[in-house]
Amino acid sequence: MRVLPARLGALLLLLFPLVTLADATRDRFGAAGYFRIMTRPDFSGGSGQLGYYWLYGRLLNESPYGELNLRLDVLQAAPGSDEVWAEVHSRFSGTSFRSADPGNGSFLNFRADYLFVRAGNILLDRVTWQLGTLEDRWNDLHIYDQRPATLLWDTVGLSGTYQGDRYDVLLAVGDSGYTLRPQKYNTVLTGAASFRYRLIPGHLEVGLRGQLGYEPKVQGNRNALYRSEYVNYEDYVRREVVQRYFEANPGLEDYLVPDLAPRSALSYRAIGYVGFGGLGPLIWDNLYLTFEKKHPDQGYTERYRNRDWTVFIADQTDERYEASLGNEAYIKLIPDKLEALWGVWLGYAYNNDNAIKPGDDDRIIASTVVRLQYFLTERVHLLMETSIAREKSQNGNAYRNHVDSVFTSTRGIPDARGLEFGDSDTRDTWQGKVGVVLNPTGRGIYARPSLRLLYGLQYSSQHAAFGNSFVDSLNQYNQYVGPERHWHSVVAIEAEGWF
């Protein structure tokens with residue numbers, strides 16, 4: 001056997017701490033997060049957002065936001081071993097910073113999003129257990145700031161995830177009652193399952209996800225769901241249920257106690273996913289198809305004859321459905337020079353209980369957004385984005401195309417009690433954005449942090465189609481009548497990043 005020279009042995013002894021450091025476990029505590037903050041001078045009287053919301057692309061349509069994710073390793077396993085490990089996670093997020101929004105940085109705009117314990121190598125190999133809040137995400141559609149494949153964001157319980165070489169499986173069970181009705185809690189048993197398979201690793205993967213919620217009927221619980229067949233939908237919309245009931249039953253006394261019949265409810269969400277990439281200039285594409293039946297509402301309060309009356313509305317809100325298709329493609333058009341994001345969103349919402357009132361529960365929406373980022377230098381980039389969107393109401397006029405729409409709605413007849421709003425069932429919106437981006441970390445459309453100076457321009461068929469302080473009532477005596485506004489522009493200085 002060959003013996004190492006003494007000097008070489010001494011050198012290895014000196015290097016031994018560095019060798020062991022390379023395999024050392026990570027720090028017990030970790031922190032990560034995301035933020036965006038901006039100022040957007042708005043000389044059109046708006047609130048600093050180019051349009052109403054994310055359908056036109058999230059850029060210049062979002063509010064300030066920040067989140068902080070914390071992790072503590074309670075029990076660490078040696079790297080590469082099958083030892084038991086455990087960690088605690090928590091996240092805090094909010095939508096307000098001083099001088100940047102109406103909340104002015106108040107902590108009332110922040111919340112603790114989740115708290116859970118995650119552990120592995122217990123009972124089953126390759127299975128990670130999670131106890132606490134159970135939110136589970138797949139890839140986001142960043143250009144819309146949407147997460148169509150998220151499961152269990154509303155659930156507290158237990159989940160187990162098996163991680164195979166080419167697939168992963170998730171099973172979960174819990175309770176969503178406090179998220180659905182924080183002040184009127186009733187148990188909503190929730191289960192979820194998820195499967196994702198990498199057909200060609202790095203090039204093609206598919207997945208299915210589903211979530212089911214069941215609220216059992218409970219006799220005598222003031223927060224339970226109760227039947228309300230006697231409630232007319234139009235009276236419910238106008239908040240006149242109690243008044244109409246007593247008008248139809250003049251001989252009843254105020255203290256009459258109705259015979260309440262409890263009922264149960266079922267809601268669900270199904271998600272299909274295809275991800276593919278590594279094909280020429282296409283880096284990756286996320287495609288999602290979702291279908292959801294929303295959980296019914298419990299009730300609300302009407303004031304009549306100097307008393308508060310609870311109106312149960314589960315039967316009026318238990319047939320709300322929503323389907324959507326969302327896609328985002330990340331493309332390198334010219335390596336190290338030009339990158340693009342291309343998003344598409346199609347949505348269809350319908351409410352089988354509602355045949356009279358236009359709103360978000362009965363509409364069709366369609367949008368496409370394209371963002372280009374050209375790298376002038378390593379850290380100075382040029383950004384260009386454009387979007388086109390259409391929103392169509394299925395229950396009559398929902399949009400006010402003209403400043404004098406009070407005189408043209410409801411077949412040209414002003415109607416203070418009409419359920420329509422405005423003179424059109426369609427809103428068409430175009431947005432364009434251009435500006436300079438400073439990226440300290442270098443090239444990349446996803447590189448952060450980003451410092452941006454942007455100009456945004458919007459045209460909408462709707463009058464004043466942006467957050468503003470204008471009176472939107474159809475009252476013909478509105479004293480804030482101004483010029484008709486279809487164009488809107490803002491200048492933005494903003495910062496965004498994750499760490």
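Start with Arg239: in this predicted model, its charged end sits over the ring of Tyr300, 3.9 Å from the ring's centre. There's another arrangement of this kind to look for, with Arg305 lying over the face of Phe246 at 4.5 Å from the ring centre.

Phe246 is a handy place to linger. It belongs to helix H4, residues 241–248, and its relative accessible area is 7%; buried means under 20%, so Phe246 counts as buried. Val241 and Val242 are buried in H4 too. Look down the axis of H4 and you'll see its buried residues fall within an arc of 120°, so they line one face of the helix. As a rule, an α-helix has 3.6 residues a turn, so residues three or four places apart point the same way. And what do the buried residues of H4 pack against? Their partners are helix H3 (233–238), strand E12 and strand E13 (307–312).

Now for the aromatic rings, which form 30 pairs in total. Take Trp54 and Tyr144: their ring centres are 5.8 Å apart and their planes meet at 85°, so this pair is edge-to-face. Trp54 lies in the loop between strand E1 (29–39) and strand E2 (65–75), while Tyr144 lies in the loop between strand E5 (127–133) and strand E6 (156–163), so the pair ties together parts that are 90 residues apart in sequence. Are these two buried or partly exposed? Trp54 has 21% relative accessibility and counts as partly exposed, whereas Tyr144 is buried, at 0%.

For a stacked pair, go back to Phe246: its ring and that of Tyr304 have centres 5.9 Å apart and planes at 20°, so they count as stacked. This pair also links distant parts of the chain, since Tyr304 is in strand E12 (residues 299–304), 58 residues away from Phe246 in helix H4. Meanwhile, Trp54 and Tyr144 have further company: ring pairs link them with Tyr53, Tyr56 and Trp345 into a cluster.

Trp345 leads us on to the largest nonpolar core, which has 25 residues. The members that touch the most other members are Leu55, Leu152, Ala172, Tyr288 and Trp345. Several strands feed this core with at least two residues each: E7 (167–175), E10 (265–279), E11 (282–293), E15 (338–351) and E16 (363–375). Another core lies apart from this one, with 12 residues, including Val231, Val241, Val311 and Leu419. You've already met Val241, as one of the buried residues of H4.

Back in the largest core, which residues does Leu55 contact, leaving aside its neighbours within four places in sequence? The list is Tyr144, Trp345, Ile365, Ser367, Val369, Ala389 and Glu391. Leu152 has a quirk of its own: its phi is near 65°, a positive value in a residue other than glycine. You'll find Leu152 in the loop between E5 and E6, and at 1% relative accessibility it counts as buried. Arg126 has a positive phi as well, about 65°, and isn't a glycine either. Arg126, though, sits in the loop between strand E4 (110–120) and E5, and it counts as partly exposed, at 37% relative accessibility.

Next, follow the strands around E8 (residues 189–200). E7 and E8 pair in the antiparallel sense over 9 bridges, and Asp175 has Leu189 of E8 as its bridge partner. E8 also runs antiparallel to strand E9 (residues 204–215), to which 11 bridges join it. Across that pairing, Arg196 stands opposite Gly207 in E9. E8 and E9 form a hairpin with 3 residues between them, and in the turn Gly202 has a positive phi of about 85°.

One more backbone detail is worth a look: the peptide bond from Arg448 to Pro449 is cis, with omega near 5°. Pro449 is in the loop between strand E18 (426–438) and strand E19 (450–460).

Finally, step back to the whole chain. How many helices and strands does it have? The count is 5 helices and 20 strands. Of its 499 residues, 42% count as buried. Among contacts between residues at least 6 apart in sequence, 67% join residues at least 24 apart.

Methods
Residues are numbered from 1 along each chain as its sequence is written. This is a predicted model: local features need pLDDT of at least 70, side-chain atom pairs count only at pLDDT 80 or more; totals for chains, interfaces and linings use all residues. Side-chain values use heavy atoms; hydrogens and water are left out. A nonpolar core is a set of buried Ala, Val, Leu, Ile, Met, Phe, Trp, Tyr and Cys residues joined through side-chain atoms within 4.5 Å. Buried means under 20% relative accessible area, exposed over 50%, partly exposed in between (1.4 Å probe, protein chains only). Helices (H or I, at least four residues) and strands (E, at least two) are DSSP runs, numbered from the N terminus. Contact means heavy atoms within 4.5 Å. Rings of Phe, Tyr and Trp (its six-membered ring) pair if their centres lie within 6.5 Å; planes under 30 degrees apart count as stacked, over 60 as edge-to-face and the rest as tilted. A charge sits over a ring if NZ of Lys or CZ of Arg is within 6 Å of the ring centre and within 35 degrees of the ring normal. The arc is that of the directions from the helix axis to the C-beta atoms. Two strands pair if DSSP finds at least two bridges between them.
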